[in-house]
Amino acid sequence: MIILGIDPGIAIVGYGVVNFDKGKYNVLDYGVITTDKDLKTPERLVLIEKGLIQLIEKYNPDCIAIEELFFQTNRKTAIVVAEARGVLLLTVQKYCKQLFEYTPLQIKQAVTGYGGADKKQVQYMVKTLLNLKQIPKPDDAADALAAAITCGQVNRLNGMFRV
């Protein structure tokens, strides 16, 4: 089962593509879709959509896992990131079979076993679970891989994925 994980953003959208088979993960790709801060928001949203469509067409994922938004401060940033997330959700609905959404707490619990884990703990476990030599960079790509791992873990436990 090919899972595409997404960490939403407006400047940087992290992605991670894994093949989940028989309870094991194999990383196919990870990286980021970036947009220039000097572009207008609608132009940035178009670039995000195009980038996601390219990934979907390249990997033909069975499902896509996206992190839900969590903001403590900056409302202006929250709004524009929410707009980008909306484009991501719409694109997934148009081009993919299944969408799963996870809170940061759910991702931390699935990847580390502890909902209060910090970013470094999550990144270390992503590296370990995916048998990588180093922590994926940038952080957005590691977060996207964590979302993909969460999708595999949660759906395997719920009996949705055969192992």
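Is Met-125 buried, exposed or partly exposed? Met-125 is partly exposed, because its relative accessible area of 23% is neither under 20% nor over 50%. Please keep in mind from the start that this is a predicted model. With that said, let us walk through the structure, starting with the residue just named.

**Met-125 and the packing of two helices**

Met-125 is found in helix α4. Setting aside residues up to four places away in sequence, Met-125 touches Val-111 and Thr-112. Its C-alpha atom is separated by 10.0 Å from that of Ala-142, 17 residues apart along the chain.

The two contacts of Met-125 belong to a meeting of helices. On the α3 side, the residues are Lys-108, Val-111 and Thr-112, and they meet Gln-121, Val-122, Met-125, Val-126 and Leu-129 in α4. By type, the residues of this contact divide into five nonpolar, two polar and one charged. How are the two helices placed, and at what angle do they pack? Helix α3 covers residues 104-112 and helix α4 covers residues 119-129; they pack at an angle of about 45°, with their axes 9 Å apart. That angle makes α3 oblique to α4. The crossing of α3 and α4 is left-handed.

**The nonpolar cores**

Now for the inside of the model. In soluble globular proteins, nonpolar side chains tend to be buried together. Here, the largest nonpolar core has 23 residues, and those with the most contacts inside it are Leu-4, Ile-6, Ile-10, Leu-52, Ile-64 and Leu-88. Which elements give two or more residues to this core? They are strands β1 (2-7), β2 (12-21) and β4 (63-67), together with helices α1 (41-59) and α2 (75-95). Helix α2 supplies the largest share, seven residues.

Ile-6 is a good residue to click on. Not counting residues up to four places away in sequence, Ile-6 touches Val-13, Gly-14, Leu-52, Ile-64, Ala-65, Ile-66, Glu-67, Leu-88, Val-92, Ala-144 and Ala-147. There is also a second, separate core of 20 residues, which includes Ile-3, Ala-65, Val-126 and Cys-151. Two of these names have already come up: Val-126 is one of the α4 residues that meet α3, and Ala-65 is among the residues that Ile-6 touches.

**Tyr-15, a buried residue in a strand**

The place of Tyr-15 is in strand β2. Is Tyr-15 buried or exposed? Tyr-15 is buried, because its relative accessible area of 12% is under 20%. Beyond residues up to four places away in sequence, Tyr-15 touches Leu-4, Gly-5, Asp-29, Tyr-30, Gly-31, Val-32, Ile-33, Leu-55, Ala-141 and Ala-144. Tyr-15 and Ala-146 are 131 residues apart in sequence, while their C-alpha atoms are 9.8 Å apart in space.

Ala-144, a contact of Tyr-15 and of Ile-6, also serves as a reference point for Asn-60. Asn-60 is in the loop between α1 and β4. The C-alpha atoms of Asn-60 and Ala-144 are separated by 17 Å, and the two residues are 84 apart along the chain. Leaving aside neighbours within four places in sequence, Asn-60 is in contact with Leu-55 and Lys-97.

**Backbone details in the loops**

Most residues other than glycine have a negative phi, and most peptide bonds are trans. Against that background, a few loop residues deserve a look. Lys-22 has a positive phi, and so does Asn-131. The peptide bond from Lys-137 to Pro-138 is cis, with omega near -5°. Pro-138 lies in the loop between α4 and α5. The C-alpha atoms of Lys-137 and Tyr-30 are separated by 8.9 Å, with their positions 107 residues apart along the chain.

The table gathers three loop residues with their places and accessible areas.

| Residue | Loop | Relative accessible area |
|---|---|---|
| Lys-22 | between β2 and β3 (24-34) | 66%, exposed |
| Asn-131 | between α4 and α5 | 70%, exposed |
| Lys-137 | between α4 and α5 (139-157) | 54%, exposed |

What is the phi of Asn-131? Phi of Asn-131 is near 55°, and for Lys-22 phi is likewise near 55°.

Notes:
Residues are numbered from 1 along each chain as its sequence is written. This is a predicted model: local features need pLDDT of at least 70, side-chain atom pairs count only at pLDDT 80 or more; totals for chains, interfaces and linings use all residues. Side-chain values use heavy atoms; hydrogens and water are left out. A nonpolar core is a set of buried Ala, Val, Leu, Ile, Met, Phe, Trp, Tyr and Cys residues joined through side-chain atoms within 4.5 Å. Buried means under 20% relative accessible area, exposed over 50%, partly exposed in between (1.4 Å probe, protein chains only). Helices (H or I, at least four residues) and strands (E, at least two) are DSSP runs, numbered from the N terminus. Contact means heavy atoms within 4.5 Å. Axes are lines fitted to C-alpha atoms, for helices over the stretch in contact, and angles run from 0 to 180 degrees between N-to-C directions. Angles under 35 degrees count as roughly parallel, over 145 as roughly antiparallel, 65 to 115 as roughly perpendicular and the rest as oblique. A crossing is left-handed if the near helix is turned anticlockwise from the far one by less than a right angle, and right-handed if clockwise. Ala, Val, Leu, Ile, Met, Phe, Trp, Tyr, Cys and Pro count as nonpolar, Asp, Glu, Lys and Arg as charged, and the others, Gly among them, as polar.
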